[in-house]
Amino acid sequence: MSRNLDEPAEEATALQDEALTHIDALYRTAVRMTGNPMDAEDLVQETYLRAFRSLTQFRAGTNLRAWLFKILTNAFINDYRKRSRRPRSTSLDNVEDYYLYTHLIDSGIQPSASRPEDEVLASITDESVVQALGALSEDFLQVVLLADVEGFAYREIADIMGIPIGTVMSRLHRARRRLQRSLTESRTPAACGNGEATGAQL
Amino acid sequence: MLNCDETMDRLYAYLDRELTDEELTEVQGHLDACPPCQHRFIFEANVLRLVGECARHLAAPPDLVERVRRLRTC
């Protein structure tokens, strides 16, 4: 159901306040997409300008965060893509089926740690991740940012990017392969945050 | 019961919590019985978690937040 124009101003204020809580996520996505903090600031500002002007089009009860990311994506495509020097897409032939884990096994790495994979995990740093993200084409980068950094579901990503859900899945799979390859090539000794490797997710 | 290749095909859908309950039971059943696959899934889960954590270490500059705050229409 669309919001009515005569809804109380307090509700619009509450929506705008809630929208502001997502500014860090929108900004970091904009920085990665544009590759430039100045362009990212402009893109985020443009996103909020469009969002606040079209609050009446926001469907109550739907995902405000996903709606903001969709506006950001459209603004990027319309106004900022031409400035980005990042390749827009990567051909299928250009992405081999690379797994970091398989590389570990195949290379017979015998580091000092008792569990070689722990050493690899400890080498994933802010710097190496930013570098690996920077090596992705635009299509791969956006799907990784939405899924692995911002935690959107496949269906939400499909809606934000305007592509079929099957394309989201295949693109994400290939993007992660590419990302792992870049991480392997840029292994550095310092860990990200406390970087404790756990099996808590399973 | 799923074999190792079939389980690996479902690796990301499992980690992304995109499997149906039935599919989840199948994958979990294999992982419970197959330590090598379980080991592999834990490794992949940790890679995804670390990539996400590292990439989230960036906040909007305070002056941008203030400029956006002033854009509010009410």
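**Exercise 1. State the handedness of the crossing of α2(A) and α8(A), then describe how the two helices are arranged and which residues meet.**

Step 1. The crossing of α2(A) and α8(A) is right-handed. The structure is a predicted model.

Step 2. Take the axes next. Those of α2(A) and α8(A) come within 10 Å, and their crossing angle is roughly 165°. Angles over 145 degrees count as roughly antiparallel, so α2(A) is roughly antiparallel to α8(A).

Step 3. Now list the residues. On the α2(A) side they are A:T29, A:R32 and A:M33, and on the α8(A) side A:L141, A:Q142 and A:L145. Sorted by class, the residues of this contact are three nonpolar, two polar and one charged.

**Exercise 2. Check whether the span of α8(A) agrees or disagrees with its twelve residues, and find what its buried residues pack against.**

Step 1. The expected span is 1.5 Å times one less than the number of residues. For the twelve residues of α8(A) this should give 16 Å, and the end C-alpha atoms are 15 Å apart, so the span agrees.

Step 2. Count the burial. Ten of the twelve residues of α8(A) are buried, and the helix is mostly covered. The buried residues include A:F140, A:V143, A:V144 and A:D148. A:L141, A:Q142 and A:L145 are also buried; these three meet α2(A).

Step 3. Identify the partners. In chain A, the buried residues of α8(A) pack against α2, α4, α7, α9 and α10; in chain B, they pack against α4 (35-55).

Step 4. Look past the end of the helix. Just after α8(A), A:G151 has a positive phi of about 75°.

**Exercise 3. Describe helix α4 of chain A by its length, its buried residues and what covers them.**

Step 1. Helix α4(A) covers residues 64-80, which is 17 residues. From its first C-alpha to its last it reaches 23 Å, close to the expected 24 Å.

Step 2. Its buried residues are A:W67, A:L68, A:F69, A:I71, A:L72, A:A75, A:F76 and A:Y80.

Step 3. Among the elements of chain A that cover these residues are α1 (9-20), α2 (23-34), α3 (37-53), α8 (138-149) and α9 (154-161).

**Exercise 4. How many helices and strands does chain A have, and which of its elements gives the largest share of the side that touches chain B?**

Step 1. Chain A has ten helices and zero strands. Of its 202 residues, 35% count as buried.

Step 2. Consider contacts in chain A between residues at least 6 apart in sequence: 75% of them join residues at least 24 apart.

Step 3. Turn to the contact between the chains. Chain A gives 41 residues and chain B gives 35 residues. Elements of chain A that supply two or more residues to this side include α1, α2, α5 (100-107) and α10 (165-185). The largest share, six residues, comes from α3(A).

Step 4. By class, the side of chain A that touches chain B has 25 nonpolar, ten polar and six charged residues.

**Exercise 5. Decide whether B:C4 counts as buried or exposed, and name its contacts beyond its sequence neighbours.**

Step 1. B:C4 lies in helix α1 of chain B, residues 4-9.

Step 2. A residue is exposed if 12 or fewer other C-beta atoms lie within 10 Å of its own. B:C4 has 12 such neighbours, so it counts as exposed.

Step 3. Leaving aside neighbours within four places in sequence, B:C4 is in contact with B:C34 and B:C37.

Step 4. B:D32 is 28 residues from B:C4 along the chain, and their C-alpha atoms are separated by 12 Å.

How values were computed:
Residues numbered from 1 in each chain as written. Chains lettered and ligands numbered in written order. Predicted model: local features only at pLDDT ≥ 70, side-chain atom pairs only at ≥ 80, totals over all residues. Helix = DSSP H or I, 4+ residues; strand = E, 2+ residues; numbered from the N terminus. Buried ≥ 20, exposed ≤ 12 C-beta atoms within 10 Å, placed from the backbone. Contact = placed C-beta atoms within 7 Å. Axes fitted to C-alpha atoms, helices over the stretch in contact; angles between N-to-C directions. Parallel < 35°, antiparallel > 145°, perpendicular 65-115°, else oblique. Left-handed = near helix turned anticlockwise from the far one by under 90°. Nonpolar A, V, L, I, M, F, W, Y, C, P; charged D, E, K, R; others polar.
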